[in-house]
Amino acid sequence: MKILITGIAGFIGFHAAKEFAARGWKVIGIDNFCDYYDVKLKRDRAALLEGLASVRETDICDIASLKALFDEESPDVVLNLAAQPGVRYSISHPFVYQKTNLEGFLNILECCRHAAKIPKLVYASSSSVYGGNVKMPFEESDPVDNPVSLYAATKKANELMAHTYSHLYGMQTIGLRFFTVYGAWYRPDMALSLFADAMLNDRPLKVFNNGNMKRDFTFVDDIVDGIVRTVEAANLPRYDIFNIGNHRSERLMDVIDVLADALGVKPKLEMLPMQPGDVPATFASVEKLHKAVGYEPKTTIREGIPVFAEWYRKYRGRD
Ligand SMILES: NC(=O)c1ccc[n+]([C@@H]2O[C@H](COP(=O)([O-])OP(=O)(O)OC[C@H]3O[C@@H](n4cnc5c(N)ncnc54)[C@H](O)[C@@H]3O)[C@@H](O)[C@H]2O)c1
């Protein structure tokens with residue numbers, strides 16, 4: 001079986017590619033290696049995939065190249081992870097989100113629809129679609145009509161676009177709402193990296209909403225396990241949406257303590273107000289994915305954060 005992973009040089013794409021290759025899948029991947037964050041990190045991940053996956057530099061906004069790739073490779077499954085991520089960046093750079101997350105996603109749907117053998121599409125949505133919902137934990141049946149960032153709005157739009165294509169063309173489309181993923185080979189724009197960088201450089205950590213935040217932190221191996229189960233399941237409906245989180249909502253201040261312990265430092269904190277576009281809390285119900293494919297996240301932050309910290313020290317040359 002052949003899987004096409006978009007955003008393969010990204011944090012989650014890299015881990016997913018390794019796992020699918022280990023399970024005997026033929027893995028093809030594309031990435032545009034954009035400079036939203038350190039391109040060297042993306043190149044280093046891609047280099048580690050040599051021999052495991054065939055990686056090409058292609059943009060999902062380039063419909064002609066994408067169509068040619070679908071014709072040539074005829075994948076059984078498409079795992080769409082390519083996106084412009086980041087809640088805060090969507091406030092300053094809205095049009096990148098329009099381009100990659102809306103137009104690029106439409107290109108993926110069109111290529112799937114017109115493929116000689118229509119592939120199963122599994123794509124990344126996000127916990128951010130829940131906006132400022134206060135009913136916890138977040139369940140897939142909750143209303144998600146009040147996004148508080150353009151990033152969240154594009155992810156919700158992806159779910160609606162996928163629904164239309166499933167309805168009109170009988171394609172199977174499964175959306176996974178990821179909840180704050182972390183681990184080795186992590187993104188430098190996300191909280192744990194920013195905290196680790198500040199801690200190791202003796203700078204104060206910017207702690208938003210005065211630390212009064214909670215996040216469902218999900219270790220990347222658990223996320224990949226959920227992706228693999230979803231991709232390999234034969235019994236899923238034509239269209240569905242699942243949360244994929246850890247089912248533990250952690251206090252930000254506890255997360256900072258665990259990270260400081262793992263790095264062996266005493267952090268300095270700079271307490272700041274809430275950032276526009278951010279939400280105070282996320283908490284995933286994972287019951288639906290558990291029932292559908294047996295998903296069961298295993299990793300607590302006390303187990304997972306030291307894995308991130310060890311990788312971070314080594315990769316950033318601070319060991
Ligand atoms: N990491 C998280 O906590 C998290 C949470 C919720 C949702 N998600 C979603 O999961 C997916 C993967 O996230 P990630 O953390 O691995 O991010 P990432 O930025 O590390 O990976 C995305 C990859 O897509 C590539 N890309 C961007 N635009 C592209 C384009 N136009 N064409 C081809 N490639 C392009 C990037 O170069 C990058 O390598 C994204 O869709 C993201 O929105 C992630």
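Three exercises on a predicted model follow, each with a worked solution.

In this predicted model, local features need pLDDT of at least 70 and side-chain atom pairs count only at pLDDT 80 or more, while totals for chains, interfaces and linings use all residues. Residues are numbered from 1 along each chain as its sequence is written, and side-chain values use heavy atoms, with hydrogens and water left out.

**Exercise 1. Place Lys2: which strand holds Lys2, and is Lys2 buried or exposed?**

Step 1. Find the element. Lys2 sits in strand β1, residues 2-6. Strands (E, at least two residues) and helices (H or I, at least four) are DSSP runs, numbered from the N terminus.

Step 2. Check the cover. Lys2 has a relative accessible area of 18%. Buried means under 20%, exposed over 50%, and partly exposed in between (1.4 Å probe, protein chains only). Lys2 is therefore buried.

Step 3. List the contacts (heavy atoms within 4.5 Å). Residues up to four places away in sequence are not counted. Lys2 touches Trp25, Lys26, Ile28, Glu73, Pro75, Asp76 and Val77.

**Exercise 2. Describe the ligand's surroundings: which residues come nearest, and how many are nonpolar, polar and charged?**

Step 1. Find the shell. A residue is near the ligand if one of its heavy atoms lies within 4 Å of it. There are 29 residues around the ligand, and Asp31, Tyr37, Asp59, Tyr151 and Val181 come nearest.

Step 2. Sort by class. The shell has 16 nonpolar, eight polar and five charged residues. Ala, Val, Leu, Ile, Met, Phe, Trp, Tyr, Cys and Pro count as nonpolar; Asp, Glu, Lys and Arg count as charged; the others, Gly among them, are polar.

Step 3. Look for polar contacts with the ligand (pairs of N or O atoms within 3.5 Å). A polar side-chain atom of Lys42 is 2.9 Å from a ligand oxygen atom. A polar backbone atom of Gly10 is 3.1 Å from an oxygen atom of the ligand. For Thr100, a polar side-chain atom lies 3.1 Å from a ligand nitrogen atom.

**Exercise 3. Examine strand β11: how many of its residues are buried, and which residues does Asp240 contact?**

Step 1. Count. In β11 (residues 239-244), five of the six residues are buried, so the strand is largely enclosed by the rest of the structure.

Step 2. Find a partner. Strand β6 (residues 173-178) pairs with β11 in the parallel sense over six bridges. Pairing takes at least two DSSP bridges. Leu176 stands opposite Phe242 in β11.

Step 3. Zoom in. Asp240 lies in β11. Asp240 counts as buried, at 14% relative accessibility. Beyond its neighbours within four places in sequence, Asp240 contacts Thr173, Ile174, Gly175 and Lys288.

Technical notes:
Polar contact = N/O pair within 3.5 Å; in protein donor to acceptor, adjacent residues only side chain to side chain.
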